Amino acid sequence: MPKTFHDLIEHNRRESALLIGAFLFLLTLTVYCFALVVTRQDLRSGIAPAAIALGAGVLLALWSYYSGSSALLAMSQAREIRKQDDPQLWNVIEEMAIAAGIPMPRVYLIDDTAMNAFATGRDPQHAAVAITKGLRDRLNRDELQGVLAHELSHVRNYDIRFSMMLAVMVGFLVLLADVFRRWMWWGGGRRSSRSRGSGTGPLIAVVAVLAIVLAIIAPVLAKLIQLAASRQREYLADASGVELTRNPEGLASALEKLASDTEVLEVANRATQHLYIVNPFRPFETRAKGLLMTHPPLRDRIARLRGLMGGSPAGGSPRTGGAPLADGPRPTAD
């Protein structure tokens with residue numbers, strides 16, 4: 001395992017680049033096989049659906065780029081707050097934004113007692129951070145600082161744009177595979193057999209079989225790649241957050257409290273769960289194994305953070321005794 005947070009950042013950047021490369025290869029191979037099979041049957045009928053699908057994908061990407069964050073915040077029932085609504089929370093976020101060298105993001109609160117947070121926005125100039133009331137109430141200043149440093153690291157590292165691009169590509173591939181399967185079901189395969197009279201018939205047959213296989217497994221592989229990329233970005237944001245706070249124990253302690261919170265976040269769904277700092281469906285996370293997990297295991301994230309500080313035990317950091325933020329009770333969940 002990398003020994004410093006700089007090593008960890010570089011390690012996860014390399015892993016993420018490999019995952020994106022694998023996805024692009026899968027997408028290119030799948031689209032190529034689909035297009036070859038379709039256009040071999042009838043050039044005129046093959047180009048039009050491909051053009052429509054490409055246009056729909058571009059429109060979806062543009063909508064996600066410009067309106068995705070607003071839709072996500074509305075879906076999460078998050079309400080924007082101002083500095084006067086919670087000066088201490090605002091100050092912590094402002095401190096972390098200055099440390100990260102990014103503009104102050106918009107701040108949102110989710111009225112839910114579950115503990116969680118996420119960041120969204122297409123770039124640092126259009127970023128927003130949302131936290132739940134449960135998280136706000138139960139963390140001390142150092143812990144809250146660690147969580148917010150993690151989320152602002154997602155903004156600084158352009159992870160939100162990265163996740164959005166993956167989501168659009170996965171959605172486009174799933175849609176394309178579904179269209180191809182329906183095309184084969186409603187007669188595309190029979191038209192394929194009629195085209196085999198030419199010398200390229202055997203080649204078309206092989207490509208058609210490959211295309212059918214890809215139509216079945218490509219969406220599954222794409223989703224697994226997306227989940228793996230999301231896990232790598234969580235490790236990267238943990239390390240980047242430590243770079244901002246210089247206090248690994250703050251985030252490690254916060255993750256311990258998050259691990260002890262088994263409450264399900266009601267406003268989350270399967271489409272948004274990978275954006276949160278921890279899986280909002282904690283019971284599912286405990287059952288999911290390996291590639292099916294949307295987040296790295298919390299115990300692994302905590303161990304990595306403690307490793308950055310020389311393996312200090314819980315509570316061993318000189319900075320973990322920060323006073324809780326002022327308003328409301330702060331029960332501990334350790």
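Here are some exercises with worked solutions on a predicted model.

**Exercise 1. Get your bearings**

Work out how many helices and strands the protein chain has, and in which pattern they follow one another.

*Solution.* Start with the count: the protein chain has 10 helices and 4 strands. Next, walk along the sequence, and you get α-α-β-α-β-β-β-α-α-α-α-α-α-α. For a feel of the packing, note that 52% of the 334 residues in the protein chain count as buried. Now take the contacts with a separation of 6 or more: 74% of them are between residues 24 or more positions apart.

**Exercise 2. Lay out the sheet**

Find the order of the strands in the sheet and say which of them stand at the edges.

*Solution.* Put the strands side by side and you read S1-S2-S4-S3, an open sheet with mixed pairing. Strand S1 (78–81) and strand S3 (117–120) each have a single partner strand, so they stand at the edges with one side left without a neighbour in the sheet. On average, neighbouring strands here are turned by 30° against each other, direction ignored.

Now for the senses of the pairing. Strands of a sheet can pair parallel or antiparallel, in both cases through backbone hydrogen bonds. S2 and S4 run parallel and are joined by 5 bridges. S3 pairs with strand S4 (residues 128–132) in the antiparallel sense, over 4 bridges.

Finally, check the register around S4. Val129 in S4 has Ala119 standing opposite, and Val107 stands opposite Val129 too. One place along in S4, Ala130 has Phe118 opposite.

**Exercise 3. What covers the strands?**

Decide whether S4 is enclosed or open to the outside, then look at S3 and at the helices lying across these strands.

*Solution.* Begin with burial, for which the cut-off is under 20% relative accessible area. In S4, 5 of the 5 residues are buried, so the strand is largely enclosed by the rest of the structure.

Then split each strand by face. In a regular strand the side chains alternate between the two faces of the sheet. For S4, one side carries Ala128, Ala130 and Thr132, the other Val129 and Ile131, and all are buried. S3 is covered on both faces as well: Ala117 and Ala119 are buried on one side, Phe118 and Thr120 on the other.

Last, look for helices. Helix H3 (residues 87–100) lies across S1, strand S2 (106–110) and S4, at about 130° to S2. Helix H5 (residues 141–156) lies across S3 and S4, running at about 25° to S3.

**Exercise 4. Track down the aromatic pair**

Classify the structure's aromatic pair and say which parts of the chain the pair links.

*Solution.* There is 1 aromatic pair to find. The ring centres of Phe118 and Tyr276 are 5.0 Å apart, and their planes stand at 75°, so you call this pair edge-to-face. Phe118 is in strand S3, whereas Tyr276 belongs to the loop between helix H8 (248–260) and helix H9 (282–287); the two are 158 residues apart. As for accessibility, Phe118 is buried at 1% relative accessible area, and Tyr276 is buried with a value of 1%.

Elsewhere, there's a charge over a ring: the charged end of Arg304 sits over the ring of Tyr235, 3.7 Å from the ring centre.

**Exercise 5. Two buried polar residues**

Place Ser76 and Asn116 in the fold, then find a backbone oxygen that each side chain reaches.

*Solution.* Take Ser76 to begin with. Ser76 is in the loop between helix H2 (43–75) and S1, and at 1% relative accessibility this serine counts as buried. The Ser76 side chain reaches the backbone oxygen of Leu72 at 2.9 Å. Setting aside neighbours within four places in sequence, Ser76 contacts Ile110, Phe118, Val267 and Tyr276. Two of those names should ring a bell: Phe118 and Tyr276 make up the edge-to-face pair.

On to Asn116, in the loop between S2 and S3. Asn116 is buried, at 0% relative accessible area. A polar atom of the Asn116 side chain lies 3.1 Å from the backbone oxygen of Val278. To finish, go from C-alpha to C-alpha: Asn116 and Ala130 are 8.7 Å apart in space and 14 residues apart in sequence.

Terms used. Residues numbered from 1 in each chain as written. Predicted model: local features only at pLDDT ≥ 70, side-chain atom pairs only at ≥ 80, totals over all residues. Heavy atoms only, no water. Pairing = 2+ DSSP bridges. Axes fitted to C-alpha atoms, helices over the stretch in contact; angles between N-to-C directions. Contact = heavy atoms within 4.5 Å. Buried < 20%, exposed > 50% of the residue type's maximum accessible area, 1.4 Å probe, protein only. Phe/Tyr/Trp six-rings, centres within 6.5 Å; stacked < 30°, edge-to-face > 60°. Lys NZ or Arg CZ within 6 Å of the ring centre and 35° of its normal. Polar contact = N/O pair within 3.5 Å; in protein donor to acceptor, adjacent residues only side chain to side chain.
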